[in-house]
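Morning, everyone. I have one model to walk through, and I'll keep it short. Have a look at it first.

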Amino acid sequence: MEYLISALLGYLFGSIPSAFIVMKRAKGVDITSTGSGNVGAMNTYEVSGSKLIGFIVFLMDAAKGIIPVLITMHFFELTIYPALALLFAVFGHCFSVWLKFRGGRGLATAAGGSFIIAPYIFVVWAVLWVIIYFMKKDILLANISSTILTILAILTGSSVAVKYSSFKQEETELFLLFAVSVLLIIFIKHMSPLRELIESKTKMKTGKENDND
């Protein structure tokens, strides 16, 4: 029963379409059909042109990961329950039942919850993101690259990752399953924009080659 409660709690919080609600109230805009169509803080900022509105959505999305984690930590002793709540919160954010299973890319929600139960994931991802962003000046590329590299960092340094989390060393396999699952959901939600990025880079390269002929 605890597993079901944790999963449902996480999904219900995660599926709240923060960006959709805020943009409808503030701008009268359907965020799902505007800009990139992504129901998240970045698209909210780009469509609204307001850093404040984008930041509010970011905080709301992060809270969707934090709240179910804190609730399950309070009522249940085992780490599996808040981990399950966060996993389903990220899934709910990315595939919201209220938006016909559309949603955001899960980064803010994952960051909020992982900061509580697995700060290693949060710190590694954030550091990698900053490094890659300053090298490439591309947010999407930084998101994708840091997600992939964080998965590799967790798999190759699981003992350190578990040490800086709420999991015990004997729960290493459970931690790996949780962490990789969350990051894979995020990666899957980035696959479509990744294809678009590759296609645009290919077209640019082809165009330059044609110009040189």
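Where is the place of Lys100? Lys100 sits in the loop between α5 and α6. Keep in mind that this is a predicted model.

Why start there? Look at the backbone. Most residues other than glycine have a negative phi. Lys100 is not a glycine, yet its phi is positive, near 55°. Lys100 is also exposed, because its relative accessibility is 75% and the cut-off for exposed is over 50%.

Now Phe101. Phe101 is in the loop between α5 and α6 as well. Phe101 is no glycine either, and its phi is positive, about 65°. Its relative accessible area is 49%, so Phe101 counts as partly exposed.

There is another positive phi to show you. Lys137 comes just after α7 and has a phi of about 55°.

That brings me to α7 itself. This helix has 18 residues, 119 to 136. At 1.5 Å a residue, the expected span is 26 Å. The C-alpha atoms at its ends are 25 Å apart, so expectation and model agree.

Which residues of α7 are buried? Tyr120, Ile121, Val124, Trp125 and Ile132. They cover an arc of only 110° around the axis, which means that they sit on the same side of α7. The general rule helps here. An α-helix has 3.6 residues a turn, so residues three or four places apart point the same way.

And what do the buried residues of α7 pack against? Four helices: α6, at 107-117; α8, at 139-156; α9, at 158-163; and α10, at 172-189.

Next, the open space. The largest pocket holds about 1,200 Å³. Its lining has 43 residues. Nearest the centre of the pocket are Met42, Leu107, Ala108, Ile139 and Asn143.

Which elements supply at least two residues each to that lining? The list is α3, α4, α5, α6, α7, α8, α10 and α11. So α7 turns up again. The largest share comes from α10, with six residues. By class, the lining of this pocket splits into 23 nonpolar, 13 polar and seven charged residues.

Now the enclosed space. How many cavities of 30 Å³ or more are there? One. The largest cavity has a volume of about 40 Å³. It is lined by 14 residues, with Ile16, Pro17, Val39, Lys64 and His93 nearest its centre. Two or more lining residues come from each of α2, at 18-27, and α5. The classes in the cavity lining are eight polar, five nonpolar and one charged.

Last stop, Ala19. Ala19 is part of helix α2. Is Ala19 buried or exposed? Buried, because its relative accessibility is 1% and the cut-off is under 20%.

What is Ala19 in contact with, leaving aside neighbours within four places in sequence? Ile31, Val39, Gly40, Thr44 and Val57. Val39 you have met already, among the residues nearest the centre of the largest cavity.

One distance to finish. Ala19 and Gly104 are 85 residues apart along the chain. Their C-alpha atoms are separated by 8.7 Å.

That's my tour. Over to you.

How values were computed. Residues numbered from 1 in each chain as written. Predicted model: local features only at pLDDT ≥ 70, side-chain atom pairs only at ≥ 80, totals over all residues. Heavy atoms only, no water. Expected span 1.5 Å × (residues − 1). Buried < 20%, exposed > 50% of the residue type's maximum accessible area, 1.4 Å probe, protein only. Arc of directions from axis to C-beta. Contact = heavy atoms within 4.5 Å. 1 Å grid on protein atoms, 1.4 Å probe; cavity = no way out; pocket = protein on both sides within 12 Å on 5 of 7 lines; lining within 4 Å. Points joined across faces, edges and corners; volume = space filled by probe spheres on them. Nonpolar A, V, L, I, M, F, W, Y, C, P; charged D, E, K, R; others polar.
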